[in-house]
Amino acid sequence: VWVSDCNSAQLKAPVQQRQICLAHQLRNLQAVIDLSPEAFWPPAMQALFRYAIHLHGQRQELPAEKYWEQVQRIEQVCDWLLKRSLSQEEAARLQRRFCKHRHSLFVFLYRSDVEPTNNRSERALRPSVIHRKVTGGFRSGWGARAYAALASVIDTAELNNVHAFAAIQFLLATPSLPLPSGP
């Protein structure tokens with residue numbers, strides 16, 4: 001499952017399943033609310049997404065029957081909101097997007113291994129973005145690829161509670177000297 005924005009390049013990636021990042025959709029809905037504070041649909045959709053994220057966080061504490069009742073209620077309310085007739089163009093644009101990607105809005109409610117947002121991925125990319133902005137980019141393609149590969153190894157190691165040095169050393173060769181124990 002790929003958790004991504006609704007960026008067209010990301011939507012073209014070949015994946016088995018996709019979860020649309022609800023944090024990005026909440027920001028988009030807030031922009032529409034700021035344009036038309038009196039409108040019903042944007043804050044209702046925003047409240048639904050927030051409740052779905054909250055329910056995701058409560059998954060382990062709720063009895064399974066109660067959890068699935070709430071998931072069904074979220075699905076019903078979403079379908080009802082997506083059928084509403086909207087006059088505001090910005091809201092209608094978001095409604096069309098949500099209809100088009102309806103099957104990718106609540107994957108995280110059905111799969112405990114999927115997050116409702118891609119915030120973790122974006123935080124992992126932040127050092128690379130800062131590096132690019134500070135240095136002005138790489139002078140060679142191989143340098144950019146090497147940096148990306150190394151960053152990927154280090155970030156994946158961190159997610160698995162493996163020290164970066166140990167992960168890189170494992171990839172390159174067996175240790176030539178005994179490593180000190182501890183962090």
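This dialogue goes through helix geometry, burial and salt bridges in a predicted model.

Trainee: How many residues does helix α2 have, and what does it reach from its first C-alpha to its last?

Mentor: A helix can be read by setting its span beside the expected one. Helix α2, residues 22-35, has 14 residues and reaches 20 Å from its first C-alpha to its last, which is close to the 20 Å expected at 1.5 Å a residue.

Trainee: Which residues in α2 are buried?

Mentor: Burial is read from relative accessible area, with values under 20% counting as buried. In α2 the buried residues are Leu22, Ala23, His24, Gln25, Leu26, Leu29, Val32 and Ile33.

Trainee: Where is Gln70 found, and with which residues is Gln70 in contact once its neighbours within four places in sequence are left aside?

Mentor: Gln70 is found in helix α4, which covers residues 64-82. Because its relative accessibility is 19%, Gln70 counts as buried, and, with neighbours within four places in sequence left aside, Gln70 is in contact with Tyr51 and Leu55.

Trainee: How many salt bridges does the structure hold, and what is the N to O distance for the side chains of Arg102 and Glu75?

Mentor: Each salt bridge is best read by its distance, and then by where its partners lie. The structure holds four salt bridges, and in one of them the side chains of Arg102 and Glu75 meet at 2.4 Å, N to O. Since Arg102 lies in the loop between α5 (89-100) and α6 (107-110) while Glu75 lies in helix α4, this pair ties together parts that are 27 residues apart in sequence.

Trainee: Are Arg102 and Glu75 buried or exposed?

Mentor: Arg102 counts as buried at 18% relative accessibility, and Glu75 is buried with a relative accessible area of 14%.

Trainee: Which parts does the pair of Asp79 and Arg102 tie together?

Mentor: The side chains of Asp79 and Arg102 meet in a salt bridge at 2.9 Å, N to O. Asp79 lies in helix α4 and Arg102 in the loop between α5 and α6, so this pair ties together parts that are 23 residues apart in sequence. Asp79 itself is partly exposed, with a relative accessible area of 33%.

Trainee: With which residue does Arg111 form a salt bridge?

Mentor: Arg111 forms a salt bridge with Asp113, the closest N and O atoms being 2.8 Å apart. Arg111 counts as partly exposed at 30% relative accessibility, whereas Asp113, at 55%, counts as exposed.

Trainee: Which residues do salt bridges that share partners join into one network?

Mentor: Glu75, Asp79 and Arg102 are joined into one network by salt bridges that share partners.

Technical notes. Residues numbered from 1 in each chain as written. Predicted model: local features only at pLDDT ≥ 70, side-chain atom pairs only at ≥ 80, totals over all residues. Heavy atoms only, no water. Helix = DSSP H or I, 4+ residues; strand = E, 2+ residues; numbered from the N terminus. Expected span 1.5 Å × (residues − 1). Buried < 20%, exposed > 50% of the residue type's maximum accessible area, 1.4 Å probe, protein only. Contact = heavy atoms within 4.5 Å.
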